[in-house]
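Trainee: I have a new structure open and no idea where to begin. Can you walk me through it?
Mentor: Sure. Let's pull it up.

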Amino acid sequence: MNNITEMPVRDKVLTHLPSSKPGIINSARRLIRKIPWWAGQHSFFVDLGTHKCIVGHDDIEGINTSQEIKNQIFFDEPSLAIAESIGSNKIIAIGKEAREKIRRGVDSRQILRPVIDGVVFDEKVAQAIMEYALRLQDGESSRKIPTLITGVPVNTSPTLRKALRDVAIRSGAVEVFIVEQPVLAAIGAGINLRENNSHIVIDSGGGTTNYALITEQGVIQKAVDTIGGDTYDKAFGDYVKQVLKANVNSVELQDLKVRMCTDENADTKEYTVPGKNNDGEHIDVKIKVDALDTAIAPHLEELGRTARRFTMAIPESFSGDIRRNGIIFTGNSSLIRGLPTVFADSTGLPMAIVPNPRYAVASGMEQLFHDRDLLQQLALKD
Ligand SMILES: Nc1ncnc2c1ncn2[C@@H]1O[C@H](COP(=O)(O)OP(=O)(O)OP(=O)(O)O)[C@@H](O)[C@H]1O
Ligand SMILES: [Mg+2]
């Protein structure tokens, strides 16, 4: 399920600090900024995840942190499509619309997902979503995107990276840069990769949890677990079916999981969702948070075991940095209940979840538009 890979350190050490921008350039940038993004030749970033697809454009005015990045994002929707019928190639809904159709009930065989476990699973669907997101579907297919930055989980094979690159090129990208997601997440979390320092970044999303030891020399140790939000959703659904003897729509259940993870009073509440009992009658299903906690516990424990192996494999020369910097969490599944406790118990290290973990990767990509040297160095070569 997971493996820890020691990486040869990059031969190029990043030494140059980003230069400050002269005032005259800033004024020019502010002027250009008045032109709407879609009227010019903007570069785009794409975070095509297991759960969501985010597409944004570069900001000519300045660097965006994960809190500010939303201004640059023009597409932020579920990574989903619905086929017209079972086995059909025709897509009838994408993104939010597709999720609403699932809530209202479609055959699960009509649900198309471009990315499973963090990697491109269906190139045609990935292409359709990217084209839709890039607004190319209305006869604008001749628009060229000078630069497109996108991310992949650690340990993605060159074949899958090629699939993603091809999708990007067919969507109009001239130059495509692919960077490992934890590196992007680290930049988005505000880590300066030019500083002589080391950090453990754990990006936990819909399909994967990526572990990376990141230094000024790049990712020097990495691991991946195919455990994420999808795993919790499935475990929660199975629990509701087997223990509570009820069937609840997958979208309702996913929304309930998020409510339970964001509600401060979740421990004392009983939640009600619509569903059916085993006899097929429509009922109010009553669910307490213990159901979620029990269902996901084995998966969190597995993540904790990987985290322990991962941190123990880090050489002692990094001990000072690691103990000082602790673990930085990004990705929306880092908000799952109980995760900080499991990781603190298994590693003994301090930890922090970045503000807006959903946008850390996007923010990292946007920041790289402003540092082409770093982008060139971090981009995977094949
Ligand atoms: N507040 C929350 N608490 C717990 N889980 C959440 C919360 N908000 C969203 N999630 C879950 O986070 C997951 C999506 O995370 P994210 O958006 O980082 O994934 P992704 O980037 O699409 O996936 P991946 O990087 O694995 O390909 C979903 O399973 C979603 O249900
Ligand atoms: Mg992600």
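Trainee: How many helices and strands are in the protein chain?
Mentor: The protein chain has 12 helices and 19 strands. Keep in mind that this is a predicted model.

Trainee: What share of the residues is buried?
Mentor: Of the 382 residues in the protein chain, 42% are buried.

Trainee: And the contacts, how far do they reach along the sequence?
Mentor: Take contacts between residues at least 6 apart in sequence. Of these, 69% join residues at least 24 apart.

Trainee: Let's go inside. Which residues touch the most other members of the largest nonpolar core?
Mentor: Those are Ala 81, Ile 129, Val 183, Ala 186 and Val 201. That core holds 93 residues.

Trainee: Which helix gives the most to this core?
Mentor: Helix 8, residues 289-312. Its contribution is eight residues.

Trainee: Back to Val 201. What is in contact with it, leaving aside neighbours within four places in sequence?
Mentor: There are several alanines: Ala 185, Ala 186, Ala 189 and Ala 212. Val 201 also contacts Pro 182, Ile 214, Ile 328 and Thr 330.

Trainee: New topic: the ligand. Which residues come nearest to ligand 1?
Mentor: Gly 49, Gly 205, Gly 229, Cys 261 and Asn 332. They belong to a group of 23 residues around ligand 1.

Trainee: Where does the largest share of that shell come from?
Mentor: From helix 7, residues 250-262. Helix 7 supplies four residues.

Trainee: How do the shell residues divide into nonpolar, polar and charged?
Mentor: The shell around ligand 1 has 16 polar residues, five nonpolar and two charged.

Trainee: On to sheets. What order do the strands have in the open sheet with strands 5, 6 and 7?
Mentor: The order is 6-5-7, and the pairing is antiparallel. Strand 6 (91-94) and strand 7 (111-112) are at the edges. Each has a single partner strand, so one side of each has no neighbour in the sheet.

Trainee: How many bridges join strand 5 to strand 7?
Mentor: Two bridges join them, with strand 5 covering residues 81-83. In one pairing, Ile 82 has Ile 111 of strand 7 as its bridge partner.

Trainee: Which strands does helix 3 touch?
Mentor: Helix 3, residues 123-133, packs on the sheet and touches strand 5, strand 6 and strand 7. Its direction makes about 60° with that of strand 6.

Trainee: And helix 2, where does that lie?
Mentor: Helix 2, residues 96-104, lies across strand 5, strand 6 and strand 7. It runs at about 100° to strand 6.

Trainee: What's the order in the open sheet with strands 15, 16 and 17?
Mentor: That sheet runs 15-16-17, with antiparallel pairing. Strand 15 and strand 17 are the edge strands. Each pairs with a single strand, so one side is left without a neighbour in the sheet.

Trainee: How many bridges pair strand 16 with strand 17?
Mentor: Seven bridges, in the antiparallel sense. Strand 16 spans residues 270-277. Val 273 stands opposite Val 285 in strand 17.

Trainee: Where is Lys 288?
Mentor: Lys 288 sits in strand 17, residues 282-288. It is partly exposed, because it has 15 C-beta neighbours inside 10 Å. Its C-alpha atom is 6.5 Å from that of Lys 269, 19 residues apart along the chain.

Trainee: What about phi at Lys 245?
Mentor: Phi of Lys 245 is near 55°, a positive value in a residue other than glycine. Most residues other than glycine have a negative phi.

Trainee: Is Lys 245 buried or exposed?
Mentor: Lys 245 counts as exposed, because it has 11 C-beta neighbours inside 10 Å. It lies in the loop between helix 6 (229-242) and strand 15 (246-247).

Trainee: And what is phi at Asn 356?
Mentor: Phi of Asn 356 is positive too, near 55°. Asn 356 is in the loop between strand 19 (351-353) and helix 11 (360-368). It is partly exposed, with 19 other C-beta atoms within 10 Å.

Trainee: Last one. What does Ile 353 touch, not counting residues up to four places away in sequence?
Mentor: Ile 353 touches Phe 329, Ser 334 and Leu 335. Ile 353 is in strand 19. The C-alpha atoms of Ile 353 and Ala 189 are separated by 9.2 Å, with their places 164 residues apart along the chain.

Methods: Residues are numbered from 1 along each chain as its sequence is written. Chains are lettered from A and ligands numbered from 1 in the order in which they are written. This is a predicted model: local features need pLDDT of at least 70, side-chain atom pairs count only at pLDDT 80 or more; totals for chains, interfaces and linings use all residues. A nonpolar core is a set of buried Ala, Val, Leu, Ile, Met, Phe, Trp, Tyr and Cys residues joined through C-beta atoms within 7 Å. A residue is buried if 20 or more other C-beta atoms lie within 10 Å of its own, exposed if 12 or fewer, and partly exposed in between; C-beta atoms are placed from the backbone. Two residues are in contact if their C-beta atoms, placed from the backbone, lie within 7 Å. A residue is near a molecule or strand if its C-beta atom, placed from the backbone, lies within 6 Å of it. Ala, Val, Leu, Ile, Met, Phe, Trp, Tyr, Cys and Pro count as nonpolar, Asp, Glu, Lys and Arg as charged, and the others, Gly among them, as polar. Two strands pair if DSSP finds at least two bridges between them. Axes are lines fitted to C-alpha atoms, for helices over the stretch in contact, and angles run from 0 to 180 degrees between N-to-C directions.
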